[in-house]
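Student: I have a structure to go through and would like to work on its charged pairs and its nonpolar parts. Can we take it question by question?

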Amino acid sequence: MSKRDLKKYISELNKEQLEQQIIELYEKFSPVKVYYNFVFNPKEETLLQECKLKISQEYYPLKKSGRRSKPKMRRSVAQKYIKYFIILGVDPFLIADVMLYNIEIAQTFSAENVIKHELFYKSMFNSFEQAVVYLIANGILTDFKARIIAIQNQSISQKWFNEPEFNAVIERFEY
């Protein structure tokens, strides 16, 4: 069904029928329920803290039965939250904060631990590039420029093999 057909169908419904359909959608589909729960009670700060906790646990997992768990370092955890926040319509500043936090916590971890997996560095660069594109697209780059440059400087000081790629991204928006 096209959007046009949907609009036509909706316009033919009376108020009670429309209310009934929305309630059915709410009960039947959890994404609809999540959306309406967020719209009417947008606890963005709570969502942000929960998200940051989950991301940090990827690098610094909680201890289980007296021994430290092995870090998983999955970029996908942050990506799922970012996608979820975009769908919900969370403030772009909060989404940008999560994008940069993901890279910053990974850099903190890599400063303390030797990471031999080339994929980790490529993944962090992809996150960096996506964050910069998102910041530019939402017109908020200047608000986060200091954090972007700090991430680039960390890639230099930690001698990441793909540090020139980080520099190239910075050079693109500085000129």
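Student: Which residue forms a salt bridge with Lys122?

Tutor: The model is predicted, so the distances are computed from predicted positions. A side-chain nitrogen of Lys within 4 Å of a carboxyl oxygen of Asp or Glu is counted as a salt bridge. For Lys122 the closest N and O atoms are 3.3 Å apart, and the partner is Glu118.

Student: Where do Lys122 and Glu118 lie?

Tutor: Glu118 is partly exposed, at 45% relative accessible area, and Lys122 is partly exposed too, at 42%. The two are 4 residues apart, about one turn of the helix, and both lie in helix α7.

Student: Is Glu58 buried or exposed?

Tutor: Glu58 and Arg74 meet through their side chains in a salt bridge of 2.8 Å, N to O. The pair links distant parts of the chain, with Arg74 in the loop between α4 and α5 and Glu58 in helix α4. Arg74 is partly exposed at 39% relative accessibility. The cut-off for buried is under 20%, so Glu58, at 7%, counts as buried.

Student: How many residues apart in sequence are the parts that Asp97 and Arg147 tie together?

Tutor: The side chains of Asp97 and Arg147 meet in a salt bridge, 2.7 Å from N to O. Because Asp97 lies in helix α6 and Arg147 in helix α8, the pair ties together parts of the chain that are separated in sequence by 50 residues.

Student: Which residues are linked in a network of salt bridges?

Tutor: Asp97 is buried at 13% relative accessibility, while Arg147 is partly exposed at 23%. Both belong to a network of salt bridges, and its members are Lys52, Asp97, Glu104 and Arg147.

Student: Which helix gives the most to the largest nonpolar core?

Tutor: This core has 44 residues, of which Phe85, Phe120, Phe128 and Ile148 touch the most other members. Helices α4, α5, α6, α7, α8 and α9 each supply at least two of its residues. With 11 residues, the helix that gives the most is α6.

Student: What is Phe120 in contact with, leaving aside its neighbours within four places in sequence?

Tutor: Phe120 is among the core residues that touch the most other members. With those sequence neighbours set aside, its contacts are Tyr59, Ala106, Ser110, Ile115 and Trp160.

Student: What is the area of the nonpolar surface patch that includes Tyr9?

Tutor: Tyr9 lies in helix α1, residues 3-12. A patch residue needs over 30% relative accessible area, and Tyr9 has 33%, which makes it partly exposed. Together with Met1, Leu6 and Ile10, Tyr9 makes a nonpolar surface patch of about 400 Å².

Terms used: Residues numbered from 1 in each chain as written. Predicted model: local features only at pLDDT ≥ 70, side-chain atom pairs only at ≥ 80, totals over all residues. Heavy atoms only, no water. Patch = residues over 30% accessible without salt bridge, like charges linked within 9 Å, V, L, I, M, F, W, Y side chains within 5 Å. Areas by Shrake-Rupley, 256 points an atom, 1.4 Å probe, with all protein chains shown as cover. Buried < 20%, exposed > 50% of the residue type's maximum accessible area, 1.4 Å probe, protein only. Core = buried A, V, L, I, M, F, W, Y, C linked by side-chain atoms within 4.5 Å. Contact = heavy atoms within 4.5 Å.
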